Amino acid sequence: MSADRKRLAAAFRELRKQGWWARMNHLCCQTCLTADTDDDKPYIGFHAQDNERTPESGYTYLTHGPPVDDTLPDGMRSRWAVKVIEDHGLVVEWDGTMASRIKVMISE
């Protein structure tokens, strides 16, 4: 496992401790990943199709979303998740909208 993957795994462990549903290389595709999330928790993760492209592209995209009954402003929880990931030393690109996935640079 590369140093960046270890950092992302550590960030996901921290997010899980904070109550997130956070998974790496989970199931086959985005549809299956989002169907498997817990409606009562914010979620973040990437799936096998993303994982397969990472060695060539140098990044992965994270699917993310709030719990069903979220009362916080749109994107607030995802901004917190981005901060946790950046605090673990990873470079993140995201436009701050819920309509786009979070891009994390991963060197293999």
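Which residue of strand 3 is the bridge partner of Ile44? The answer is His64, and it makes a handy starting point for a look around this predicted model. From there we can follow strand 3 to its neighbours, and then turn to helix 1.

**Strand 3 and its partners**
- Strand 3 covers residues 59-65, and five of its seven residues are buried, so the rest of the structure largely encloses this strand.
- One partner of strand 3 is strand 2, residues 43-45; the two run antiparallel and are joined over three bridges.
- The pair of Ile44 and His64, met above, belongs here, with His64 sitting in strand 3.
- Strand 3 also pairs with strand 5, residues 102-105, again in the antiparallel sense, this time over four bridges.
- Here you can find Tyr59 opposite Met105 of strand 5.

**Helix 1**
- Helix 1 takes in residues 3-17, which makes 15 residues.
- From its first C-alpha to its last, helix 1 reaches 21 Å, close to the 21 Å expected at 1.5 Å a residue.
- Buried in helix 1 are Asp4, Arg5, Leu8, Ala9, Ala11, Phe12 and Leu15.
- These buried residues span an arc of only 160 degrees around the axis, and therefore lie on the same side of helix 1.
- Packed against the buried residues of helix 1 are strand 1 (21-23), strand 2, helix 3 (48-57), strand 3, helix 4 (76-87) and strand 5.

**Just past the helix**
- Look for Gly19 just after helix 1: its phi is positive, at about 100 degrees.

Terms used: Residues numbered from 1 in each chain as written. Predicted model: local features only at pLDDT ≥ 70, side-chain atom pairs only at ≥ 80, totals over all residues. Heavy atoms only, no water. Buried < 20%, exposed > 50% of the residue type's maximum accessible area, 1.4 Å probe, protein only. Pairing = 2+ DSSP bridges. Expected span 1.5 Å × (residues − 1). Arc of directions from axis to C-beta. Contact = heavy atoms within 4.5 Å.
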